[in-house]
Amino acid sequence: MSKQRSVEEVEAFWKQAIPATFNFMAGDQPDPEATRQLDKLPADLSPETARRIYSFYLEEVPYLLWGTLTNTPDTLVETLVACLREAERKNSSVQARLLLAAFELAGAAALREAAAVLRLTRSSYRLESATKKLPGLHPSPGLAGAAAAVVANTTSEINTLEVVAFWSLVWVAAHARPEIFDELEARAAQWKHELFLKRVRATPRIAKPKKAEPPSLLPAKVSEVKKWLAANPGVDPAVFGRRDKQKTDEKAAAIRALTTIATPAALEVLTSYRPQDGQIWGLSFGGGIPAELTRAWNTFDRKRFGERMFAGIEALSFQGDAGSLLTDIRGIEAARDLRSLILGPDPSCDLSPLASCPALFHLELYALGRTDALEPLARIPSLKWLAIYNGDKLEQAAIDSIGQAKKLTQLSLSIDGPLDLRPLLELEALERLRFAGGDALDTRTIPGLAALLERGVPICFYSHQNWWRVLSDPESPFVVHGVEIANTSRYPVLCKDGARARKLDEQLAARSFFGS
C-alpha cells in the first residue's frame with residue numbers, strides 16, 4: 001500500500017484483507033501484505049475496522065500480532081484493549097496479560113513498551129537468543145511492575161509457545177522486584193524450568209559494549225569457499241574449527257570447506273560442529289548448516305563419519321533441504337544413544353540401518369514420495385512413538401509394515417488415499433492415534449478406524465475433516481455406538497471411555513497429546 005493513501009483506501013484494503021472464513025489448520029494464511037501493515041495502522045482508522053483487524057488476528061493467528069503493536073496510535077488503544085480483554089476471556093495467554101497489565105498500570109505508552117518486549121521474544125525462538133537481546137532494553141517502572149504482576153499471577157504451567165515470553169518477563173519484572181528470582185524457584189522446579197530461571201537470573205541488566213572485531217580472512221559464505229580454497233592450497237583444516245561468536249553463514253562455509261578437503265584431519269575438525277549442550281542436530285542450527293552437515297555425511301566414509309559425529313547424540317533431525325540430500329543413512333548405527341529422530345530423506349533411501357539404533361524411541365518420518373513398504377520400522381527394538389507425515393503416496397504395504405511394529409504405543413498417521421487401516425489392530429500396545437486423511441472420505445479406510453475405536457483406542461482428528469463426524473454421528477452408517485467426543489475446537493478426540501476422552505481433551509488444550 002502507498003504511504004500517501006487516504007483513510008478510505010485503508011478501510012477498503014482491510015475490508016478485503018480480513019477473510020470471511022479462515023482455517024489455520026487447513027493451511028489458510030493471512031494476506032502477507034496485511035500482516036506487514038499491522039504496525040502501520042493510521043490514527044484515523046475507524047474503531048469498527050480496527051476491532052475487526054485486532055479480533056481476527058487475536059482469534060486466529062495471535063503470534064503474528066505480538067510485537068506489531070509498538071506504533072499503535074492513541075486513538076486505537078481503547079479498541080485494542082477491548083479486543084485483548086475479549087480474547088483473554090476466551091483463551092488466556094502470557095502475552096495478552098502483559099499488554100493489559102501494562103495499559104492498566106501505566107497507560108498507552110507502557111502498552112507500546114510491552115509490545116516492544118514481545119517483538120523481541122517473538123523473534124527469538126529460544127530463550128538463549130532472547131537473553132542476549134534483553135540487556136538492550138531499559139524497562140520503565142510501569143512496565144516492570146506490569147511484568148511482575150503477570151509473573152505473580154501465572155501459577156499454572158505455561159505452554160511451549162509462551163516459554164520465551166514468560167521467562168523474558170521475569171527478567172523485566174526483576175527491575176521492580178529483584179527478589180522475584182528467589183520466589184520462582186519452587187515454581188521453576190515444578191515445571192522443570194530450572195535452567196530457564198538460571199539463565200534469566202544470570203542475564204545482566206545493562207548491555208555490555210560491543211568490541212570491534214577484525215574482519216575474518218576465512219570465507220564468510222558457502223559461495224566463497226571454492227574460490228578461497230583454490231587461492232589457499234594445502235590449508236590446514238584446523239583453521240575451519242568452530243570458534244566463539246561464529247556467525248551462521250560462517251559455520252556453513254567452514255563445514256563446506258572441510259567437506260571439500262575431505263581428509264581424515266578435516267573430519268576430526270568437523271567434530272567441533274557436533275550439537276552441544278543438549279542441542280538437537282538440525283533443529284538447533286539455522287541457515288544452511290543442516291544441509292552442509294548432510295553433504296558432509298554423503299562425502300566422508302559413512303561408518304567413520306557416524307562414529308565421530310553421532311556417538312552419544314540423543315536427538316537428530318534431517319528434514320527439508322537436509323533430508324532431501326540423504327539417499328543413504330548408513331553410519332547412523334553409531335548413534336547408540338539416539339532416542340529421537342526426525343527424518344525426511346530421499347524416497348530411495350533404505351531405512352534398514354535404523355534397526356541398529358537400540359535406544360530409538362521416537363521417530364517422525366516425512367514420507368513424501370515414498371511408495372515402498374516401511375518394513376525396517378518393525379525391527380527398531382525400542383520404537384514406541386511413530387509419526388508418518390505427507391503420506392499421500394503410501395501403499396498398503398506401508399500400513400501392513402507399521403502393523404508389525406508391535407511395541408508402538410502412540411501413532412500419528414497422515415495419509416491421502418484409500419488404505420485399509422485394519423492391520424493397525426495388530427498393535428496391541430497402541431494407546432492413542434492421531435489421524436489425518438484426505439478431505440474426501442473413503443469407505444476402505446473407515447472400517448479400520450471404527451475397529452480401533454471399538455477396541456478402545458482414542459483417536460484424535462482434525463476438526464476441518466469429516467472423519468470424526470462420520471464415526472460419531474448417530475445418523476451415519478459408520479457410527480461407532482458408545483463413542484464420546486472430547487470438546488476441542490481443532491482436534492476432536494473420539495473415545496469409548498468418557499473419562500479418558502475428557503483427560504485427552506485436557507492434554508490437547510495443553511498441547512501434550514503426544515507428550516504426556
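Which residues in α10 are buried? In this predicted model, the buried residues of α10 are V163, V164, A165, F166, W167, S168, L169, V170, W171, V172 and A173. Buried here means under 20% relative accessible area, exposed means over 50%, and partly exposed is anything in between (1.4 Å probe, protein chains only). The helix covers residues 163-173, and 11 of its 11 residues are buried, so α10 is largely enclosed by the rest of the structure.

Some ground rules first. Residues are numbered from 1 along each chain as its sequence is written, and side-chain values use heavy atoms, with hydrogens and water left out. Because the model is predicted, local features need pLDDT of at least 70 and side-chain atom pairs count only at pLDDT 80 or more, while totals for chains, interfaces and linings use all residues.

Now for the overall picture. The protein chain has 23 helices and 9 strands; these are DSSP runs, H or I over at least four residues for helices and E over at least two for strands, numbered from the N terminus. Of its 516 residues, 50% are buried. The chain exposes about 25100 Å², and carbon and sulfur atoms supply 51% of that area (Shrake-Rupley method, 1.4 Å probe; for residues, only the protein chains shown count as cover). Contacts, meaning heavy atoms within 4.5 Å, often span a good stretch of sequence: among those between residues at least 6 apart, 59% join residues at least 24 apart.

P139 gives a local example of such a contact. This proline sits in the loop between α8 (127-133) and α9 (141-153), and at 17% relative accessibility P139 counts as buried. Setting aside neighbours within four places in sequence, P139 touches E113, W171, V172 and H175. Two of these names, W171 and V172, appear among the buried residues of α10. As for E113, its C-alpha lies 7.8 Å from that of P139, with their positions 26 residues apart in sequence.

Two helix pairs show how elements pack. Axes are lines fitted to C-alpha atoms, for helices over the stretch in contact, and angles run from 0 to 180 degrees between N-to-C directions. Helix α5 (residues 74-90) and helix α7 (residues 108-122) have axes that come within 10 Å and cross at roughly 75°. The two are therefore roughly perpendicular, given that under 35 degrees counts as roughly parallel, over 145 as roughly antiparallel, 65 to 115 as roughly perpendicular and the rest as oblique. On the α5 side, D74, V77, L80 and V81 meet A108, L111 and R112 of α7. That contact divides into 5 nonpolar, no polar and 2 charged residues; Ala, Val, Leu, Ile, Met, Phe, Trp, Tyr, Cys and Pro count as nonpolar, Asp, Glu, Lys and Arg as charged, and the others, Gly among them, as polar.

The other pair is α17 (residues 289-299) with α18 (residues 302-309), whose axes lie 7 Å apart at an angle of about 135°. These helices are therefore oblique to each other. Here L293, A296, W297 and N298 from α17 meet R302, F305 and M309 from α18, giving 5 nonpolar, 1 polar and 1 charged residue.

Helix α18 also carries a salt bridge (a side-chain nitrogen of Lys or Arg within 4 Å of a carboxyl oxygen of Asp or Glu). E307 pairs with R304, their closest N and O atoms 3.6 Å apart, and both lie in α18, 3 residues apart, or about one turn of the helix. An α-helix has 3.6 residues a turn, so residues three or four places apart point the same way. E307 is partly exposed at 34%, as is R304 at 39%. Salt bridges that share partners join E268, R304, E307 and R308 into one network.

Across the whole structure, a search finds 23 salt bridges. One of them links E179 and R177 at 3.3 Å; E179 is partly exposed at 35%, and R177 at 26%. Another joins D182 and R201 at 3.2 Å, N to O. D182 lies in α11 (residues 180-183) and R201 in α13 (residues 194-202), so this pair ties together parts 19 residues apart in sequence.

Two loop residues round things off. K192, between α12 (185-191) and α13, has a positive phi of about 65° although it is not a glycine, and K192 is exposed at 69%. A262, in the loop between α15 (248-261) and α16 (264-270), has a positive phi of about 55°, again without being a glycine, and A262 is partly exposed at 35%.
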